[in-house]
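The following exercises concern a predicted model. Each task is followed by a worked solution.

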Amino acid sequence: MGIMKIFCSRANPTTGSVEWVEEDEHYDYHQEIARSSYADMLHDKDRNVKYYQGIRAAVSRVKDRGQKALVLDIGTGTGLLSMMAVTAGADFCYAIEVFKPMADAAVKIVEENGFSDKIKVINKHSTEVTVGPEGDMPCRANILVTELFDTELIGEGALPSYEHAHRHLVEENCEAVPHRATVYAQLVESRRMWSWNKLFPIRVQTSLGEQVIVPPVDLERCPGAPSVCDIQLNQVSPAEFTVLSDVLPIFSVDFSKQVSSSAACHSRQFEPLASGRAQVVLSWWDIEMDPEGKIKCTMAPFWAHSDPEEMQWRDHWMQCVYFLPQEEPVVQGSALCLVAHHDDYCIWYSLQRTSPENNERVREMRPVCDCQAHLLWNRPRFGEINDQDRTDRYVQALRTVLKPDSVCLCVSDGSLMSMLAHHLGAEQVFTIESSAASHKLMRKIFKANHLEDKINIIEKRPELLTNEDLKGRKVSLLLGEPFFTTSLLPWHNLYFWYVRTTVDQHLGPGAVVMPQAASLHAVVVEFRDLWRIRSPCGDCEGFDVHIMDDMIKRALDFRESREAEPHPLWEYPCRSLSEPWQILAFDFQQLVPLQRLRAEGTVELRRPGQSHAAVLWMEYHLTPECMLSTGLLEPVDPEGGCCWNPHCKQAVYFFSPAPDPRVPLGSPQTVSYVVEFHPDTGDIAMEFRLEDTQLTAPGQ
C-alpha cells in the first residue's frame with residue numbers, strides 16, 4: 001500500500017498566509033510521537049520502580065487469596081506496566097491503548113519481549129471495551145493498573161475512565177495500582193506569578209511627567225482562564241513568593257473503590273502563617289501504589305519533599321499554579337478555608353471565611369474568562385506585558401525616533417505599544433488588530449485610559465490596509481514589539497517583516513521602522529535534565545523498549561531537516577558549551593528579499609560537557625543603541641551558566657544522534673551548521689551537527 005498524501009490547511013505563522021500543505025498521512029502521528037513524553041516516562045526511574053513494586057504486591061495479594069490474577073491496564077502506552085504484571089506472575093493482561101500508532105508499537109514491544117501469549121493489546125478507548133463471551137475481555141479483571149494522570153491529576157480524564165472501569169470492567173473490591181492519589185495545595189503571595197494572570201498598572205515616563213496605563217475594571221474582576229498553569233516549580237526561586245499556609249492535603253481518591261467523576265468540593269481550614277495577599281495556590285499530588293501507603297511517588301517541589309536529594313526530575317508530571325479569582329488580604333493566625341472545586345477534568349480554588357455548607361458546595365461553576373484578555377494572552381504574555389523594565393526599553397527607544405508630527409502605525413497582537421507612542425507625543429496613532437476579540441479587548445483598555453478617541457484601531461489584515469483607513473496620512477513610524485499570537489518559534493515573529501513589506505506603499509519618505517532589524521542567535525548547551533525527553537531508553541526495568549526509541553527517532557527524522565522545538569528554558573537549567581553567536585541578520589528597513597539568506601560555519605566548544613542541543617533565539621534592534629533579546633539576557637558566566645528571558649520560549653534543536661556518553665568529556669568538539677531563511681515560505685531550515693575531532697579516546 002502506498003503512502004497517502006493528505007492536504008492540511010495551515011496558517012503560516014511567519015508570512016501570515018493560509019496555505020494548503022501536502023503532508024504524508026502519518027505527519028500528525030509523527031508530530032504526536034516526536035513531541036510526546038513517552039521517552040520522559042521511560043526515563044522516569046522513580047515512577048517505573050514504584051509501579052513495578054506496587055504491581056508485584058497487588059499480584060501477590062490476589063495469588064495469596066488463591067485467585068487467578070487478571071489485569072486491566074488502561075492507557076498502556078508501550079505495554080510496560082502489563083509486562084511488569086506478567087513478570088510478577090499475573091495470569092493474563094488486557095492492555096488498552098486508544099492511540100493507534102502506540103497500540104501497534106505496544107503489540108510489537110510485547111512480542112519482542114516474549115509476552116504475546118499473556119497480553120492482549122486492545123486499540124480502543126477504555127469506555128468502549130466490552131466484557132463477555134463475545135467481548136474484548138471474557139470476564140472482569142481483578143487488578144486495575146493505570147497511568148492516566150497529568151500534572152493536574154484529573155486533566156486527562158482519569159475520573160470518568162475509573163468510574164466506567166469500576167462499573168463495567170473490574171470486580172468489586174479489586175486491587176488497584178496506584179491504590180490512591182492525594183492532591184496537596186499551598187497558598188502563597190507572589191508578585192511574579194500574579195503577573196501571569198492580571199494586568200498591572202504600567203508606568204510611562206514622558207516629558208510631561210509620569211503617565212500610568214491602568215487596567216480596565218473587568219480585567220481586574222475577571223476570575224481568569226480555567227486552564228491549569230503547569231510549570232517546573234523547582235525553578236521558581238523561593239525568594240519570588242511568600243508562603244501563607246502550610247502544605248494542606250486537599251482531597252484523596254481511592255482507586256480500588258467506585259470513583260465518581262461528578263463535580264465536588266473539598267474544604268480545608270487553616271491558619272495563615274503570615275499576613276499578606278492571598279493570590280496563588282501551588283499544587284501537586286502523590287500516588288501510593290499499595291493500600292498501606294509504603295510505596296509512594298510524589299510530585300512535591302524541593303521545599304515540601306521528604307528527601308530533596310533524591311528527587312526525580314520529570315517533565316510529564318510537574319506542579320500546578322492556580323490563581324484565585326481575586327487577591328484577598330489574609331491575617332496571620334486568623335482562620336480561613338481553602339476550597340478546592342473540581343468537575344470531571346478540571347480543578348480550581350477559592351478562599352472562604354467559613355467552611356461552605358454541603359448544599360452550597362457544588363454550585364461553584366468552573367471559572368470562565370469574561371474579559372477576553374485571558375483568552376488572547378497566555379500566562380507568559382501577561383508576564384511580558386507587565387515587565388516594567390521591558391516597557392522602559394521600548395519607551396527609551398521610542399523617545400529617540402518619535403517627532404511631534406509622527407504618524408505611527410503599530411503592528412503587533414494585543415500590544416500596548418500604541419499607548420506608549422501616544423503618551424510620548426506622537427501626533428496620530430493607528431494600531432492594527434486583525435481579530436475581532438483582540439479589537440474588542442484593546443478598545444476596552446483604551447477606554448479605561450480615556451484614549452478611545454486618540455488611538456485609531458483598524459480591524460483588518462495588514463495586506464488589506466487602505467489609504468482611507470489611515471485617514472489619507474502617510475505613516476512616518478512603523479512600530480512592532482514584534483509579537484503575534486500565532487508564533488510558536490522565535491523566528492515566527494518575522495511576520496512583522498512581511499507586514500512591513502505589504503504596507504510599504506503607506507510609508508512616507510524617510511519613514512522609520514522599529515525595530516529596525518532583527519538577528520538570529522544560537523549557543524550550544526548541555527542540559528541538566530531536558531535531554532531525557534529526546535534520549536533513547538533502550539532498556540526499561542529489564543524490558544526492551546528499543547522499538548519505542550526507533551519510533552521516536554523516525555518521527556523526529558520524518559522531515560528532511562529536523563525541526564527545532566519551543567521550550568521555556570528558564571524552567572530547564574543548562575550550561576553553554578560554546579560562546580553565543582549570531583547566525584542571520586534581517587534588515588526591516590528593507591523589504592523581504594526575494595533570494596534566500598544562508599549561513600554556514602563551525603563553532604568551537606569552549607567548555608567540556610555533553611553537547612545536547614543548539615538553542616536559538618531572536619534579538620530585536622529597536623534602535624542602534626537599544627536591543628531586546630528573547631533568549632540570553634546576560635553574557636554567559638564563566639561556568640557557562642545562562643540567564644534566559646522568562647517570558648519567551650526559545651527554540652531547541654536536539655542533536656542527532658544524542659551524544660555518546662562513552663566519548664570522554666575532554667574531547668574537543670566543534671559544531672557545524674547550515675541555516676537557511678526561505679523568504680517565500682518564511683521558514684528557517686537548519687541542520688546542526690556535532691563533529692568529533694577525535695572519535696576514539698587515547699589508550700582505547
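**Exercise 1.** Determine which residues of helix H3 are buried, and compare the span of H3 with the expected one.

*Solution.* Apply the cut-off of under 20% relative accessible area for a buried residue. In H3, this yields Asp-46, Arg-47, Asn-48, Lys-50, Tyr-51, Tyr-52, Gly-54, Ile-55, Ala-58, Val-59 and Val-62. Next, take the span: H3 (residues 45-64) has 20 residues, and its first and last C-alpha atoms lie 28 Å apart, close to the 28 Å expected at 1.5 Å a residue. Finally, inspect what comes after the helix: H3 is followed by Gly-66, which has a positive phi near 75 degrees.

**Exercise 2.** Establish the strand order of the open sheet of 5 strands and locate a helix that packs on it.

*Solution.* The order is S5-S4-S3-S6-S7, and the pairing is parallel. Strands S5 (119-122) and S7 (170-177) form the edges, each pairing on one side only. Neighbouring strands are turned by 25 degrees against each other on average, direction ignored. Consider now the pair S4 and S5: strand S4 (residues 92-96) joins S5 in the parallel sense over 4 bridges, and Tyr-94 stands opposite Lys-120 in S5. Helix H4 (residues 80-87) packs on the sheet, touching S3 (70-74), S4, S5 and S6 (141-146). The direction of H4 makes about 175 degrees with that of S4.

**Exercise 3.** Characterise the contact between domain 1 and domain 4.

*Solution.* The domain assignment places domain 1 at 5-35 and domain 4 at 387-514. Their contact takes 4 residues from domain 1 and 7 residues from domain 4. The area buried between them is about 520 Å², with carbon and sulfur atoms giving 60%. Of the area that domain 1 buries against domain 4, Pro-13, Thr-14 and Thr-15 supply 83%, more than any other three residues.

Note on methods. Residues numbered from 1 in each chain as written. Predicted model: local features only at pLDDT ≥ 70, side-chain atom pairs only at ≥ 80, totals over all residues. Heavy atoms only, no water. Pairing = 2+ DSSP bridges. Helix = DSSP H or I, 4+ residues; strand = E, 2+ residues; numbered from the N terminus. Axes fitted to C-alpha atoms, helices over the stretch in contact; angles between N-to-C directions. Contact = heavy atoms within 4.5 Å. Expected span 1.5 Å × (residues − 1). Buried < 20%, exposed > 50% of the residue type's maximum accessible area, 1.4 Å probe, protein only. Domains from an automatic or database assignment. Buried area = accessible area lost by both parts, 1.4 Å probe.
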